[in-house]
Amino acid sequence: MTAILVRGAGFADDSRGDILVRDGVVAEIGSSLSDSGAQLIDADGLLALPGLVDLHTHLREPGFEQSETVLTGSRAAAIGGFTTVHAMANTSPVSDTAGVVEQVQRLGDAAGYVTVRPIGAVTVGLEGKQLSEIGAMAGSRARVRVFSDDGKCVSDALLMRRALEYVMTFGGVVAQHAQEPRLTEGAQMNEGTLSGQLGLAGWPAVAEESIIARDVLLAQHVGARLHVCHVSTAGSVEVVRWAKARGIQVTAEVTPHHLLLTEDLASGYDARYKVNPPLRRSEDVEALRAGLADGTIDIIATDHAPHPSEAKDCEWDAAAFGMVGLESALSVVQASVVDTGHLDWNDVARVFSRVPAEIGLVPGYEFGIAVGSPADFTLYDPATSRVFGVEHLRGKGVNSPYLSATLPGRVVATLHNGYATVLDGELVDAESVAQSARRTSGAQHG
Amino acid sequence: MRHLLSTRDLGHDEAVAILDVAEDMADVADREVRKLPTLRGKTVVNLFFEDSTRTRISFEAAAKRLSADVINFSAKGSSVSKGESLKDTAQTLAAIGADAVVIRHGASGAPAVLADSGWIDAAIVNAGDGTHEHPTQALLDAFTIRRRIHGSAARAKALDGVSVTIVGDILHSRVARSNVWLLSSLGAAVTLVAPATLLPIGVTEWPASVGYSLDAALAKRPDVVMMLRIQSERMHDAFFPNAHEYSREWGLGDERLRTLAADSIVMHPGPMNRGLEISSGAADSPRSTVLEQVANGVSVRMAVLYLVLSGMKEGQS
């Protein structure tokens, strides 16, 4: 495989240097490196960040290929600077058997843009009644380690207890979608003064916070690890902070959109802003930023949720929940927490690469961009800005809340396993990437 | 006025102007020929995704008195019930050449979506959307109050100093919301009374005072008591224990009726649950404006259709 020499990149710690990539790994980091056969990437003015790891992506395949496929979602991920994504289990059939998770993994490997790590359902059919074959999924070729009924809450307390215990048996983690179902029947947006005025059924913060409180206590009781998906309220941050102070093994994620957007956007009934959990108040956004900065919230995850246009081109109540987020994630993170001084780029590398990989037990991200580590990194231009538009999206979904907004930064190149998936700000074509992926896996297994 | 989507968008002067046009329209009802040629050649579509015979025939009468062509589109039993989207329905109406669409929809904000979508260029009149607003109901209520208080001298007047107590399911009521915004911007002092379960979170930030006790509210001798309909589905979802207790605590029965000031008025948007939120004694008393509200509804809707289809005249206010 061709070597790649990245010239003059900036690093998260403000140092600068060249990166020589050979045989899928970072071979050398230093100044004035040379390799006559290497493909050159001029990274002057660009920031090299370790490949982003998304713990929460909806790739929709199998079953909802009109919304997204593993290939199209992988392309959206690569253009966003990601090198690993975790594919949520709410597919059709649900990813609750070894067969389905192996299929998702295989499709991801074949596409080659990112490492696709399937998430297994906690319960059969996401129905919250009976544990799915967690052991079979963990032992399958997909080696599933993260289990989630995301989209639905494991609301039954006994079942949640059992899931926490049983998943522990296989070294995995349950990622809970914290939403008390009875408190959110028909809910449409954050419950508060605005929901009352708009006449949209309220989604109270307590519906999220009460489940998180229950789950951290369950995790403590059984000694298990718990991951909380898309924390969205100030109260949730408080509960997680309290749990961590007590030594409970809990990790939490926040989405880029909950770090930037507020419930006011619902005022015009534009369904692009309809998302689960809902956009909250500005006080919540501030608490989420502070919680991410002080380590209460461990990671950022996109909850990339593509939908066909007709699912959003309608009245609010009828619209689907969700936003696409892979392509815009790093820009939104820069706007919401870097440019505001909450995080520096080292922190971003931690919360959007190293720690999500740790939680998902994905190897290769322990040391970031380091000699001997897999060459998974992205080159980002934080100094630019752009009016975000559909032309910047690469997945099938156009349900982005940022269309027409000005966002900072742009991904210029992404390397995955030592080959380029994005060059000069554009995706490398699917056939070349798939070929590179085949050569890499051949080298690894051959 | 391009559309009428909510009373929250209406300023004081604009609201008074609409009520004044409605006075002109009411005069038409007293003539021998109750018809104006004003909207001849215009097509008004009544697009009803929810059944509401009362509101629909009121709009129909209003449009016909202005000589508009009226098409009634009931979503029940139509392509809509077979899954056709709001977008397709709107584009169909645009292709037919609708000049105004009067829309009743179960989803809050559906009229706003229609107005902002670009699917259809027609004037949009909100005839009740989900639990959001019912602006023509509030306008006809304000019109009714103004007429009761000022009689034939009502023109150009607002509702300064009038006290209005609205009782019942505030949480789910589009009538309550539209009335709170409109009556308060017209200068009335609005009080909301309901059990805490039927008051929305954040209601204390509305331009109204809020209380739980109907007796305490009535002791302040309000000029207007507006009773809201209790939907039967609320009784099965833990908002209150049963109809009997609701009626005892928040119903306007004969005893409470007797405590009202002699010139106070009792309103109800209809249809009424007699014996639940209002007794027959209250509904049929001389204080009751229930039938005036129905009659005034036609005048107010004539005014609204006229204004959205001809544009509000500059400087009218």
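## Close-ups of a predicted two-chain model

**View 1. The four-stranded sheet of chain B.** In this predicted model, four strands of chain B line up as an open sheet in the order S2-S1-S3-S4, with parallel pairing. Strand S2 (69-74) and strand S4 (123-129) of chain B sit at the edges with a single partner strand each, so one side of each has no neighbour in the sheet. From one strand to the next, the twist averages 15 degrees. Zoom in on strand S1 (residues 43-48) of chain B and you'll find six bridges joining it to S2(B) in the parallel sense. To pick out a pair, start at B:Thr43, whose bridge partner in S2(B) is B:Asp69.

**View 2. Helices packed on the chain B sheet.** Helix H2 (residues 53-65) of chain B packs on this sheet and touches S1, S2, strand S3 (100-105) and S4 of chain B. The direction of H2 makes about 180 degrees with that of S1(B). Helix H4 (residues 110-117) of chain B packs on the sheet too, touching S3 and S4 of chain B. Here the helix direction makes about 165 degrees with that of S4(B).

**View 3. The two domains of chain B.** Zooming out a bit, the domain assignment splits chain B into domain 1 (12-133 + 294-310) and domain 2 (135-290). Taken over C-alpha atoms, the centres of these two domains of chain B are 25 Å apart. Domain 1 of chain B puts 30 residues into the contact, and domain 2 of chain B puts in 29 residues.

**View 4. The two domains of chain A.** For chain A, the assignment gives domain 1 (4-47 + 374-393 + 406-445) and domain 2 (58-359). Their centres, again over C-alpha atoms, lie 28 Å apart. Where they meet, 31 residues of domain 1 of chain A are in contact with 25 residues of domain 2 of chain A.

**View 5. A three-stranded sheet in chain A.** This open sheet of chain A runs S6-S7-S8, and its pairing is parallel. Strand S6 (52-57) and strand S8 (115-118) of chain A are the edge strands; each has a single partner, so one side of each is left without a neighbour in the sheet. On average, neighbouring strands are turned by 20 degrees against each other, direction ignored. Strand S7 (residues 82-87) of chain A pairs with S8(A) over four bridges, in the parallel sense. Look for A:Thr84, which stands opposite A:Thr115 in S8(A).

**View 6. A:Tyr365, tucked into its surroundings.** A:Tyr365 belongs to the loop between helix H11 (345-359) and strand S16 (377-387) of chain A. A:Tyr365 counts as buried because its relative accessible area is 6%, under the 20% cut-off. Among the residues A:Tyr365 touches are A:Thr84 (see View 5), A:Gly51, A:Val53, A:Ser353 and A:Arg354. The side chains of A:Tyr365 and A:Asp376 make a polar contact at 3.3 Å.

**View 7. Helix H6 of chain A.** The 18 residues of helix H6 (residues 205-222) of chain A should span 26 Å at 1.5 Å a residue, and the end C-alpha atoms are indeed 26 Å apart. Its buried residues include A:Ile211, A:Ile212, A:Leu218 and A:Val222, along with A:Glu208, A:Arg214 and A:Asp215. Packed against the buried residues of H6(A) are helix H4 (157-168), strand S10 (173-176), strand S13 (226-228), helix H7 (234-245) and strand S14 (250-254) of chain A. Just past H6(A), look for A:Gly223, which takes a positive phi of about 70 degrees.

Note on methods:
Residues are numbered from 1 along each chain as its sequence is written. Chains are lettered from A and ligands numbered from 1 in the order in which they are written. This is a predicted model: local features need pLDDT of at least 70, side-chain atom pairs count only at pLDDT 80 or more; totals for chains, interfaces and linings use all residues. Side-chain values use heavy atoms; hydrogens and water are left out. Helices (H or I, at least four residues) and strands (E, at least two) are DSSP runs, numbered from the N terminus. Buried means under 20% relative accessible area, exposed over 50%, partly exposed in between (1.4 Å probe, protein chains only). Contact means heavy atoms within 4.5 Å. A polar contact is a pair of N or O atoms within 3.5 Å; within protein, one must be able to donate a hydrogen and the other to accept it, and residues adjacent in sequence count only if both atoms are side-chain atoms. Two strands pair if DSSP finds at least two bridges between them. Axes are lines fitted to C-alpha atoms, for helices over the stretch in contact, and angles run from 0 to 180 degrees between N-to-C directions. The expected span of a helix is 1.5 Å times one less than its number of residues. Domain bounds come from an automatic or database domain assignment. Lists of a residue's contacts leave out its neighbours within four places in sequence.
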